[in-house]
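User: I am new to this structure and would be grateful for a close look at a single part of it. Please take one helix and explain how it is placed among its surroundings.

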Amino acid sequence: MKDNQQKDQTWIGLKDISKDPEYIAEVHSEFRDVPISKLLVGHQNESLTTSRRDFLKILGFSVTAASIAACDAPVRRAIPYVHRPEEIVPGVPTYYASTYVDGGDYCSILVKTREGRPIKIEGNSMSPITGQGTSARAQAHVLSLYDLSRFRQPLIDGAKSSWQEVDQLIVSKLNSGSKIGIISRTILSPTFKKILAEFKTKYPNTQIAMYDPFSAAAQLAANEKSYGIRAIPNYHFDQAEVIVSFNADFLGTWISPVEYSADYIKNRKVDPKNPKMSWHVQIENNMSLTGSNADNRILVKPSEQDAAIAYLCNALGGTPLGSTSVNPEAAKALDRVATKLKAAGSKSLIVSASNNMAAQLMVNQMNDILGNLGTTLDMNTPSYQKQGDERSLKKLISDMEAGSMDAVFVLDGNPAFDNPWAGAFKTAAEKVGLMVSLATASDETAELSQVVAPKHHLLESWGDAEPKKGFLSLIQPTISPLFDTRQAETSLLKWSGAAPEIFEDDQPYYNYLKQNWLQAGLDWDTSVHDGIAQGSIPSAEVFSTKALPDLSTQSSTPLNADLELQFYESINIGSGQHANNPWLQEMPDPVMRTVWGNYLSVPVTWSGGMDYDSFNDLKDGDFAELTLGENNKTVTVMNQFGQMPGTVGIALGYGRRSVGAAGINIGTNLYDMMTEGQDGLFQYFVADVKLSGKVGKEKDIPAVQYHHSMGVTDIDPKTGKKVNVDEITAPSIKKGYQGSLVDRSIIRRANLEDVETFIEELHEERAKFEKLNSKTLYPYEEYKENYYEQGHHWGLAIDLNACIGCGACTVSCMAENNVPVVGKREVERHHEMAWLRIDRYFYGDVNNPNTVYQPLMCQHCDNAPCENVCPVAATNHSSEGLNQMTYNRCIGTRYCANNCPYKVRRFNWLDYTTADLFPINQPKLNGEIFGNDDLTRMVLNPDVTVRSRGVIEKCSFCVQRIQDGKLTAKKEGRALKDGEIKSACQTACPTGAIVFGDFNNEESELVKNIHNGLTYQVLEEINVRPSVNYSAKIINRDHKLDA
Amino acid sequence: MSLNYIQRISLCIISFLFAFLLDLQAQDTAAGKNLFKANCAACHNKDMKSNMTGPALGGVEERWAEYPKEDLYAWIRNSQKQISEGHPMATQLWDEWGEKGGQMTSFPALKDDDIANMLAYIQQEFTKVPEAVETVTSTGGQSKQKSNFIYYLLLGVLAIVALVLSRVISGLNYIQDVKELGPNAKQRTLWDALTNKGFVALLLVGLMTFLGYQVVNRAMNLGRQQGYAPTQPIKFSHKVHAGDQQIDCKYCHDGARRSKHSVIPAANTCMNCHTAVTSGTTTGTAEISKIYASVGFDPVAGKYIEDYENMEEDKIEEIYKAWIGAKYMEDNDLASLDAKGERIVREQWRGIKNSLTNKQKTKIQGGIEWIRVHNLPDHVYFNHAQHVTVGKLECQTCHGPVQEMEVLEQSAPLSMGWCINCHRQTEVKGFADNKYYAESYIKMHEEMVNGTRKSVTVEEIGGTECQKCHY
């Protein structure tokens, strides 16, 4: 029984697997039918209370307003250019190759501009590093260009000022003897470093502190010791057959996730004829994105991490540098890992996110023992994506504290927030002669700076980057600066007293950069065009750790604490720098599936039957007190499967206080609970925290996995067996046809060793469905012959094995299709608007489950249930197989959404984009009006209608891209090529999990994909004939590890 | 009884009058329409209800009712004269409209009859119920009016017959009642009949239907602007450029070939020719100088002015006044400006300033703010390249005889019905040659090749599906 209970089911969360009666009732009723009165209780939103008088007032007002508005057509003006730039044709997008750089986060990108404004970011397929892929953060970066909280001009003591005044003030306060501190996160730009070196020449007492909120300082030090180079190795996840990751979230946040996921997935896509894939084991305590994609997870407490590394090192015949004592289950599993590693030899890879040098030295030792250097990692082309050492920041803070600093410049980063010493930094800053912040938008550091000298947004700047040795990347502006800001480089040149004539040009840094590239023998025009180049640029070593004390070579011993707390970097907002980006705030955390905040993940354990115990009986959305020594915080908890008992986890970067409207007070700031290790390096866990029981309940718990459920598996109460709705007539169940009594084919999965039998069973079952579905009243064959087989028939193939759940596609979809952001409260009411959601399902062992991510968008059913129920034919089918949604026809009955089995239709409950026309309608986001201003609206895609209140919307298969692709082919008088039209989700995906194409093109990648044997359709049994095909999830779980 | 009789007669008369009322003025409105189109339509909206450059003309006679008819006629012939004479109504209109509309053109040649006809036409248009679909011009109009008349006549006759019959029945009933009930019987009067519940309900239903029909029709026409011909900041004549000079539309509107927008040409496109052509055929320097002032071209020196962006307005004024004056002297062989010349210089400069500046744009320099004539709602996606490059349509198919338009007007209704209709009827050009169609629509292409099919319409390849235009 235990085995059955644990292995044969797929579930989405605790409410589902424990059959929480409230939740089951909610699923049965299909649509949450919350009485208005319940919604009103405790919410201050008066707009929801409507008396009869109000109703009449509103009625009268709207009739009058409508008639006034209709009286006179407004005069619309069209203002052409005076001199039209050669590269701009109004109505035709122009793409520029550029680079997304955020500290060490790197992605080569193409920026789509329309009429001179950037509206979308896409991957640059020419890049050998990140290729076509992007991350959610890179996708969302275009919105931060139009951020209302950006600085519009330089400030002195918080008052508006001018660049002239700022320059005068700064230069007057500096002399060649001044003690100056410069703070920055990792700097990838070789030219910027050169400028910093010049600054240092002018002011020799300059101390540069470089740190990364999510640090790799120990790894850098270890690599310097092991390989002689202070850099990150160049990892080749595609070459590895066995991947062992110690808490390194390399698919989500660790160093270069876009690059690593593309490589990783090359060895994970399964060819049914030759079933083979890599084996990936993740050793961690809270379920990270990478851990959720791993075949096996070994649970160790955060304080045991180093010991686990030592244990494995010992098992592989290396010299452990410290204690090897780990919990017995982990020890057994690690023995098995060692066996597998030895077998794989040089085709294996071990990585670790530990910030202790000893641990990293052992990782290097193991990789060396296995012979991986040169196969799965190399130091010939090392990565520079992490360079910082937080001890340099600490030293600077203590110098500031001592009052010996004349000036401190914060070039990048937010030291007053994003590290455990933020408090100390704030007090120390008061003793500095001159604090200067170069932030683009308001943050905690700028708040305490006398001078704010705002730099351009990335999309307005020139720049370069060298993420890996020999691989260069250019940043070019795609819009003129929106505000009175200045390149950081230009500011530094100015302050370091560069020759005045260089400032006579509008873009001094452009000339400087170009000169620097030309001197390195690079072809400027080609580089600007491609966005990338190979070669090297003379730079300067501006940051060094030589002055800092040596790190310890002994790893720490495991602590015997009752509860340990793991801190991690969220995929969405990083160390807090993206907190004001509503697209990222509203993108669900892939694993926890929550939005707008950080939630403490608490473990859940199975106690037999339908019973599950959660830590301290805390349930989703409960408030609990988290205590560390004197430090006490109230956090919201979420139950998390796969969280190791005795541990809890939470993301850093939330809870910002000085930030734009979207990010303020979202979540809880936990940086001050972070500690430093014995060497003064950041440690991302604390032992001996205390967690109280429930002390309250959060009003809005936006856990989107429970929204838009497609039905869950259940057991017939009469027979005690699992039932399929096709075998039992609906009335006899009396629970509703689309309720939970359906064993629906949503997720299909198998273990690698069972692939052959799985395929057989899959084919049998699909044949059964086909037989069932052929008995139809609809003349489907006729439609097929006359319509679908003529012209185009669009479809998608989604490989569940390639989908890692990173969420880049969901942000890309929002950007491409003008999907509005609705805010936390609306999400809690199931009103999120995202057209594309990534459902996360757990399966297998309840205590240590596997995970599958399923991107779900409109399935464009050829037998669409939504179309039949629309009273006004606002949704209907095109001859190209598209389920068309016509907004201007929709009257908002929402019948279609009710009837959609996939629950992918979204209703505009409010006017999210143009409500400023009628301010009473304005939806609030975090108490502030959002998205209803001309600056934010600059990000809208002009080819896609902005939907108004009261209409349904849903994925259109990016019909604007389809039409554009067809038109290009027609204009050129040629056949449409496969791959010419790509949906927005497809272009964003770093792993190529999504393929768009034409079923009628036999040669297309789509058709090849759907013939791979693993293909299935979601809910195929209900005969809606979806156009989206999924390829089953195959994992390579080693059951010997479980035993 | 006698009262009933009178009621009956008056009702007949009223119903007849009602039927005829609309047709009474038919004889002179046709001429009025032509005159209106020729003289007034450029500035006054032809629906007579909404303002354009000039005010809506509907109900103009009522507004002038307190003055003698001659005053209105004089106003139409020469408004400026009446303003200068200080006529109260004229001054009031000038105060209200002078600034946005400018001077109204004088029409001294109009006879009293002409004006009467026009006013009749205006009144007719103002009071007329809009027809569901208005066909192009008046060829079918007359017979339509005739048949309408017959309908009204029939309706009237039927109404009378119904009334007479009902009275007869009522009388017979009365006789019956007298027989049965004796003197207590009461005849139902016409008043009883008209105030009875059934009749009132019927009347209400009729009224609701009529109003509903009106509302729907009018609502459908909201935002449609067929015939919209606003006054542009520059009196650009398509007739001169596309008609007389035979310039290809796509030379200036170069976006039409490759973009969704046809693109209003940038001022530097104008300068391709107007560096050489410095004086217009009908407007002389008045309009072309506006382009120069927009881009900063000094026609005297024959080159662009440096740092024009930051130039002071009086400096700009100096340059262009000098140029207009010089050109005037050159054209009239004068050595110095005479009084007329000075006035022209002043007026043209004022023209430049008024055309290139407004509340938002206070600088002369920069883009010319044209008024968009063809406006589609935001939920419609239209692509010029698809129609011009792929569909090989002539611009005139949708835009009308632009080459004859002195002032550009929206010739088509740009309604969805109009679009769909064309998509239903139009054959896909180059279906057989364009490889895109050949390789995408294999079945139809084969039928074309082996002769079983003559043509493929836009509709047949999905051209009337919602998401071809709405997404």
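Analyst: In helix α13 of chain A, the residues A:Ala330, A:Ala333, A:Leu334, A:Val337, A:Leu341 and A:Ala344 are buried. These residues lie on the same side of α13(A), because they cover an arc of only 105° around the axis. The model is a predicted one, and the description that follows should be read in that light.

The opposite face may be considered next. Turned away from the buried side of α13(A) is a face that carries the exposed residues A:Pro328 and A:Ala343. A:Ala344 thus belongs to the buried set, whereas A:Ala343 is exposed.

As to length, α13(A) runs over residues 328-344, which makes 17 residues. At 1.5 Å a residue, the helix should therefore span 24 Å, and its end C-alpha atoms are indeed 24 Å apart, so the expected and the computed values agree.

The surroundings of the buried side can also be named. The elements of chain A that cover the buried residues of α13(A) include the strands β11 (242-246), β12 (279-284), β13 (296-299) and β14 (348-352). Helices are also included in this cover, namely α12 (305-315) and α14 (357-370) of chain A.

At its end, α13(A) is followed by A:Gly345, and the phi of this glycine is positive, near 60°.

A positive phi is also found elsewhere in chain A, in residues that are not glycine. One of them is A:Arg593, with a phi of about 60°. A:Arg593 is located in the loop that connects α21 (582-586) with β23 (600-606) of chain A. A:Arg593 counts as buried because it has 21 C-beta neighbours inside 10 Å, where 20 or more are required. Another is A:Arg1025, whose phi is near 55°. The loop between β43 (1015-1016) and β44 (1028-1031) of chain A holds A:Arg1025. A:Arg1025 is likewise buried, because 21 other C-beta atoms lie within 10 Å.

For a strand of chain A that is mostly covered, one may turn to β27 (residues 647-652), in which six of the six residues are buried. β27(A) pairs in the parallel sense with strand β22 (residues 564-569) of chain A, over six bridges. Within this pairing, A:Glu564 stands opposite A:Thr647 of β27(A).

To return to the helix itself: α13(A) has its buried residues on the same side, and the exposed A:Pro328 and A:Ala343 are on the face turned away from it.

Terms used: Residues numbered from 1 in each chain as written. Chains lettered and ligands numbered in written order. Predicted model: local features only at pLDDT ≥ 70, side-chain atom pairs only at ≥ 80, totals over all residues. Buried ≥ 20, exposed ≤ 12 C-beta atoms within 10 Å, placed from the backbone. Helix = DSSP H or I, 4+ residues; strand = E, 2+ residues; numbered from the N terminus. Pairing = 2+ DSSP bridges. Expected span 1.5 Å × (residues − 1). Arc of directions from axis to C-beta. Contact = placed C-beta atoms within 7 Å.
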